[in-house]
Amino acid sequence: MRTVPGQDAVMRDVQSDPELQELVRRFVRPDRRYLRLGGSLHRLSAVERSTFLRNLAQAAYEITPSELGILFEGGWRERKTAAWLVAVAHKTEFRDLIGRLLLASGGPYAGAAYCVALAKFGTAADAELLSAYLDHYLSRPDLDYDQPIVLGTLLHLDGVLGAESASRFMAPGGPWDRWLEARVVAALDPQNCRQAVQQLCAFVDESAEAFASLDCGT
């Protein structure tokens, strides 16, 4: 289990929590959703992708804020799915919670989903949350968590906002270079991660269009 700085909450166990089990049945497992959210979307046919993203929009429309809160208390499958639903519905009220979960790094696999949500919120406040993560984890070369995808997301946001928040991390001899130098194995390229985030945001946009039509009753 990863270290969880500043977080003492106990994760809800889907095996013993009927309320969480029902939400997993309704929102996490349909269409193998929790597995497909992310890079696996690229492997779907055009028809499969369209259907999957429409169903994702329907789930984002149906789920309530309190139900999202419960999913965020679950394991990585629940949290990953919840972050995507939040991104599609653009529920910025979950920004601070997502920022805390990203910084906590309490489990694997959900970090990229948190990044997608923050990327779609697309404000300076989201860039600050990503920067806070990098300030903490680029000083820990022993921890191979979500550093590349977080930096890639910050690069993406810089492009959206016309900012240079990532520059201090990527300066020659700076935090990113020092993190790389101390590692035993190679890391992902942040520029490649930036492109990946842009592609994932495009999936969110496609699903958000379907969500908007539901929200307007069309």
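**Helix packing and aromatic pairs in the predicted model**

His42 sits in the loop that runs between helix H2 (33-36) and H3. The structure described here is a predicted model, and this loop residue is a convenient place to enter it. With a relative accessible area of 43%, His42 is partly exposed. Leaving aside residues up to four places away in sequence, His42 touches Gln199 and Phe203. The second of these contacts spans a long stretch of sequence: His42 and Phe203 are 161 residues apart along the chain, yet their C-alpha atoms are 9.6 Å apart in space.

A further link between distant parts of the chain comes from the aromatic rings. The model holds 7 aromatic pairs. One of them joins Tyr61 and Phe211 in an edge-to-face arrangement, with 6.1 Å from centre to centre and 70 degrees between the planes. Tyr61 belongs to helix H3 (residues 46-62) and Phe211 to helix H12 (residues 190-215), so that the pair bridges 150 residues of sequence. The two partners differ in their surroundings: Tyr61, at 39% relative accessibility, counts as partly exposed, whereas Phe211, at 12%, counts as buried. The pair formed by Tyr133 and Tyr137 is tilted, because the ring centres are 4.5 Å apart and the planes stand at 35 degrees. Here the partners are neighbours within one element, since both tyrosines lie in helix H8, 4 residues apart, or about one turn of the helix. Tyr133 and Tyr137 are both buried. Ring pairs also connect Tyr34, Trp76 and Tyr109 into a cluster.

These two tyrosines of H8 also take part in helix packing. The axes of helix H6 (residues 95-104) and helix H8 (residues 124-137) come within 10 Å and cross at roughly 15 degrees. At that angle H6 runs roughly parallel to H8, and the crossing of the two helices is right-handed. On the H6 side the contact involves Arg95, Gly99, Leu102, Leu103 and Ala104, which meet Ala125, Asp126, Leu129, Leu130, Ala132, Tyr133, His136 and Tyr137 in H8. Sorted by class, this contact has 9 nonpolar, 2 polar and 2 charged residues.

H6 has further partners. Its buried residues are Arg95, Ile98, Gly99, Leu101, Leu102 and Ala104, and they pack against helix H5 (76-89), helix H7 (111-121), H8 and helix H9 (147-161). Just after H6, Ser105 adopts a positive phi of about 50 degrees.

Positive phi values also turn up elsewhere. In the loop between H6 and H7 lies Tyr109, a residue other than glycine with a positive phi near 80 degrees. Tyr109, a member of the ring cluster with Tyr34 and Trp76, counts as exposed at 57% relative accessibility. Arg32, found in the loop between helix H1 (18-28) and H2, likewise has a positive phi without being glycine, near 55 degrees. Its relative accessibility of 51% places Arg32 among the exposed residues, the cut-off being over 50%.

Two other helix contacts have a crosswise geometry. The axes of H3 and H5 come within 9 Å and cross at roughly 85 degrees; H3 and H5 are therefore roughly perpendicular to each other. Leu56, Ala57, Ala59 and Ala60 of H3 make this contact with Trp84, Leu85, Val88 and Ala89 of H5. In terms of class, the contact of H3 with H5 has 8 nonpolar residues, no polar and no charged ones.

For H9 and H12, the axes come within 7 Å and cross at roughly 70 degrees, which makes H9 roughly perpendicular to H12. The crossing of H9 and H12 is right-handed. From H9 the contact draws on Pro148, Ile149, Leu151, Gly152, Thr153, Leu155, His156 and Gly159, and from H12 on Pro190, Gln191, Cys193, Arg194, Val197, Gln198 and Cys201. The residues of this contact of H9 with H12 comprise 8 nonpolar, 6 polar and 1 charged.

Notes:
Residues are numbered from 1 along each chain as its sequence is written. This is a predicted model: local features need pLDDT of at least 70, side-chain atom pairs count only at pLDDT 80 or more; totals for chains, interfaces and linings use all residues. Side-chain values use heavy atoms; hydrogens and water are left out. Axes are lines fitted to C-alpha atoms, for helices over the stretch in contact, and angles run from 0 to 180 degrees between N-to-C directions. Angles under 35 degrees count as roughly parallel, over 145 as roughly antiparallel, 65 to 115 as roughly perpendicular and the rest as oblique. A crossing is left-handed if the near helix is turned anticlockwise from the far one by less than a right angle, and right-handed if clockwise. Contact means heavy atoms within 4.5 Å. Ala, Val, Leu, Ile, Met, Phe, Trp, Tyr, Cys and Pro count as nonpolar, Asp, Glu, Lys and Arg as charged, and the others, Gly among them, as polar. Buried means under 20% relative accessible area, exposed over 50%, partly exposed in between (1.4 Å probe, protein chains only). Rings of Phe, Tyr and Trp (its six-membered ring) pair if their centres lie within 6.5 Å; planes under 30 degrees apart count as stacked, over 60 as edge-to-face and the rest as tilted.
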